[in-house]
Amino acid sequence: MTSDAAPGAGCAAVAVSGLRYRWPKAHADCLAIDALTLVAGERVFLRGPSGSGKTTLLSLVGGVIQPQAGEVSVAGQPLSRLSTGARDRFRADNIGFVFQLFNLLPYLSARDNILLACRFSAARRARLCAAGVSAQAEAARLASRLDLDAGALERPAAELSVGQQQRVAAARALIGRPGLIIADEPTSALDADRQQAFVDLLLGECAASGAALLFVSHDLRLAAHFDRVLDLAQINHAAAAEAGT
Amino acid sequence: MTPVLALSLRSIGNRRLSVVLTVIAVALSVALLLGVERLSNDAREGFAQTISGTDLVVGARGGAVQLLLYSVFHIGNASNNVSWQSMERIAALPQVKWLVPISLGDSHRGMRVVGTTADFFAHYRHGADRALAFGQGRVFAVAPDGIFEAVVGAEVAARFGYRPGQRIVLSHGSLGGEGGPRFADHADKPFTIVGVLARTGTPVDRSVLVGLEGIEAIHIDWHGGAPIPGLSIAPEQVRKFDLSPKSVTAALVGLDSRIAVFRVQRQINTMAGEPLTAILPGATLQELWSLVGMAERALLAVSALVVAVGLAGLVAVVVASLGERRRELAILRALGASPLQIFALLAFESLLLSLAGIVLGLALLYGVVVVAAPWLSAQYGLNLAPDWPSAGEWRLLGAVLGASLAASLVPAWRAYRYSLADGLTIRI
């Protein structure tokens with residue numbers, strides 16, 4: 001199943017070239033990546049120990065920070081050509097994030113947390129509309145696919161278990177079919193036996209929605225079902241890779 | 001921007017307790033600031049209107065403030081009296097509508113005795129053109145029937161428990177309070193209280209008012225401030241004597257038209273035969289108030305500081321919450337919120353809280369005004385009305401709002417910096 005709804009279909013989901021990034025006040029580059037490409041719908045496991053610049057790379061791909069050199073394109077759109085505001089909107093429309101922990105606003109219900117992604121993105125709403133489903137219905141559908149019962153959806157996020165929170169975060173990343181899902185150690189707070197289950201759920205939903213998945217973790221045991229496994233230490237040539245995380 | 005504002009409200013709701021306490025702190029400081037402004041305004045107005053219907057106060061040649069102090073506030077003494085002939089000449093001036101003579105110099109248990117005519121009750125005005133009203137009884141009767149009748153002010157009646165029908169003895173001299181020097185009692189000629197005035201918040205409350213003939217009658221067997229030895233005239237016999245006053249202390253003058261006030265003032269000041277001073281009571285009251293005004297400004301400055309403390313507390317609460325909310329901000333960034341939206345979120349939040357504080361403070365003030373107004377009016381003659389905020393109060397509110405706007409930029413700016421520095425890195 002390939003993406004027919006996500007924008008930039010046929011383009012690479014992520015294309016990085018000649019990237020150099022140095023944190024402000026740092027003495028050396030944190031990231032130096034000559035080339036990194038995810039084709040549309042591709043699910044990539046990016047391995048990197050902590051301190052290897054993983055989160056910096058994700059911030060660059062998310063357009064939250066800008067590289068000193070090189071280019072990052074998402075869904076065929078070079079991020080540097082967008083204004084700051086346009087980059088924020090582009091991120092809202094095309095990228096779903098799942099973090100290690102604390103993905104949710106504690107004072108909103110699980111449902112409102114999922115719908116939050118749609119509130120910030122007209123494009124996600126438009127894609128749902130084109131598919132003929134309401135945001136509410138899609139949130140409920142994703143929740144049931146991710147084994148969240150209806151009762152959990154109504155509860156404040158702060159009352160959910162960590163596992164439930166991570167599944168709500170996954171639903172929020174996926175709603176409205178963004179072309180790219182970025183997951184940053186999303187399983188590290190889960191029990192060992194739940195980790196693989198969560199990864200499988202995420203892989204399955206990305207496949208179902210046609211989204212590319214950039215999954216970052218230090219734990220190679222989870223890499224089994226991915227299309228490709230990359231090692232950040234090998235593609236990052238920066239000498240001072242441990243300068244930032 | 002709309003999702004951000006909606007989120008802001010939810011986020012505030014999530015931190016109810018600290019938010020409510022902060023809003024209450026701001027509300028109290030705003031209520032204090034406006035309360036002080038309103039009270040001092042009303043006190044100033046009340047003071048300026050201690051004597052409002054009178055166009056000129058006339059006394060012996062001397063300073064304007066001194067004349068006002070002894071004739072209206074009953075503080076200090078006149079250096080000289082004014083002859084009755086001068087009174088008649090002033091009353092005969094074509095622009096003069098009425099003239100109420102005042103004769104001071106005696107006291108009753110520390111309260112001043114004011115010798116005057118029944119016209120005093122017709123023409124004396126205080127506040128916004130309020131006439132004297134009787135709580136009980138009536139005006140003293142015209143001589144000779146009412147020679148030994150007295151009307152007492154509300155404070156006098158309240159302090160000594162006086163009612164119409166009671167008899168009181170006046171004392172010669174008026175220095176000091178109840179324990180101050182009195183030279184002798186006019187014990188042989190007691191007065192009967194026939195009326196008690198309603199409270200005015202003016203020195204009238206602390207006065208015993210009698211007819212000019214009564215003042216003459218108690219001094220008929222006196223000379224030079226002491227009883228004439230061997231001479232004693234009984235009250236029943238005084239009616240046989242000429243009790244028309246020879247001189248008085250001062251006079252309140254009303255004109256047909258205010259426009260003539262400076263001309264009449266000049267005429268009186270330059271009147272041949274006797275050196276006199278005529279003053280405009282309003283202007284002199286303003287002059288007096290400027291002496292008292294320092295305290296008023298100091299009070300206002302203190303309450304402005306209290307507002308600053310309230311707003312500083314608000315900023316502290318919002319900034320302190322930022323530490324825990326960095327994660328929240330990073331989530332919003334990941335979802336597509338721009339740093340400017342984060343800035344707006346925090347600015348909106350602090351502004352909303354201070355606005356809530358201002359509104360609550362106003363409500364508090366009006367609540368207190370409504371509850372306390374009757375008591376303040378009865379106890380101090382201060383007339384607080386739950387009016388719309390005056391221009392000065394709007395300016396104060398504007399200043400508070402401006403200060404809270406400036407204060408709201410502090411957490412907003414910090415959040416903006418956080419959201420740029422943190423990016424998507426959620427540091428725990």
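Chain A has nine helices and nine strands in its secondary structure. The model is predicted. Of the 245 residues of chain A, 52% count as buried. Among its contacts between residues at least 6 apart in sequence, 79% join residues at least 24 apart.

**Exercise 1. The sheet**

Task: Give the strand order of the open five-stranded sheet in chain A, and state which strands stand at its edges.

Solution:
- Step 1. Trace the strands across the sheet. The order is β6-β7-β8-β3-β9 in chain A, and the pairing is parallel.
- Step 2. Find the ends. β6 (95-98) and β9 (228-231) of chain A each have a single partner strand, so one side of each lacks a neighbour in the sheet.
- Step 3. Add the twist. From one strand to the next, the average is 20 degrees.
- Step 4. Look at one pair in detail. Five bridges join β3 (residues 43-47) and β8 (residues 212-217) of chain A in the parallel sense. A:Arg47 has A:Ser217 of β8(A) as its bridge partner.
- Step 5. Place a helix. α1 (residues 54-61) of chain A packs on the sheet and touches β7 (180-184) and β8 of chain A. The direction of α1 makes about 155 degrees with that of β7(A).

**Exercise 2. One helix, one buried side**

Task: Identify the buried residues of helix α5 (residues 135-145) of chain A and find what they pack against.

Solution:
- Step 1. Apply the cut-off: a residue is buried if 20 or more other C-beta atoms lie within 10 Å of its own. In α5(A), A:Glu138, A:Ala139, A:Leu142 and A:Ala143 are buried.
- Step 2. Check their placement. Their arc around the axis is only 135 degrees, which puts them on the same side of α5(A).
- Step 3. Recall the helix geometry. With 3.6 residues a turn, residues three or four places apart in an α-helix point the same way.
- Step 4. List the partners. The buried residues of α5(A) pack against α3 (110-120), α4 (122-130), α6 (150-154) and α7 (162-174) of chain A.
- Step 5. Move past the helix end. Just after α5(A), A:Asp147 has a positive phi of about 60 degrees.

**Exercise 3. The cores**

Task: Which residues have the most contacts inside the largest nonpolar core?

Solution:
- Step 1. Take the core of 112 residues. Those with the most contacts inside it are A:Val14, A:Ala171, A:Leu180, A:Ile181, A:Leu213 and A:Leu214.
- Step 2. Find the main contributor. Helix α9 (residues 281-334) of chain B gives the largest share of this core, 10 residues.
- Step 3. Inspect A:Ala171. Leaving out residues up to four places away in sequence, A:Ala171 touches A:Ile114, A:Ala139, A:Leu142, A:Ala143 and A:Leu146.
- Step 4. Set the other core apart. A second, separate core has 59 residues, including B:Leu56, B:Met111, B:Ile147 and B:Val264.

**Exercise 4. The contact between chains A and B**

Task: How many residues does each chain bring to the contact, and which helix of chain A supplies the largest share of its side?

Solution:
- Step 1. Count by chain. Chain A brings 25 residues and chain B brings 18 residues.
- Step 2. Assign elements. On the side of chain A that touches chain B, α1, α2 (84-94) and α3 of chain A each supply at least two residues. The largest share, six residues, is from α2(A).
- Step 3. Sort by character. This side of chain A divides into 14 nonpolar, seven polar and four charged residues.

**Exercise 5. A residue in chain B**

Task: Is B:Leu362 buried or partly exposed?

Solution:
- Step 1. Locate the residue. B:Leu362 lies in helix α10 (residues 339-380) of chain B.
- Step 2. Classify. B:Leu362 has 17 C-beta neighbours inside 10 Å, so it counts as partly exposed.
- Step 3. Gauge one separation. B:Leu362 and B:Leu397 are 35 residues apart along the chain, and their C-alpha atoms are separated by 9.5 Å.

How values were computed
Residues numbered from 1 in each chain as written. Chains lettered and ligands numbered in written order. Predicted model: local features only at pLDDT ≥ 70, side-chain atom pairs only at ≥ 80, totals over all residues. Pairing = 2+ DSSP bridges. Helix = DSSP H or I, 4+ residues; strand = E, 2+ residues; numbered from the N terminus. Axes fitted to C-alpha atoms, helices over the stretch in contact; angles between N-to-C directions. Contact = placed C-beta atoms within 7 Å. Buried ≥ 20, exposed ≤ 12 C-beta atoms within 10 Å, placed from the backbone. Arc of directions from axis to C-beta. Nonpolar A, V, L, I, M, F, W, Y, C, P; charged D, E, K, R; others polar. Core = buried A, V, L, I, M, F, W, Y, C linked by C-beta atoms within 7 Å.
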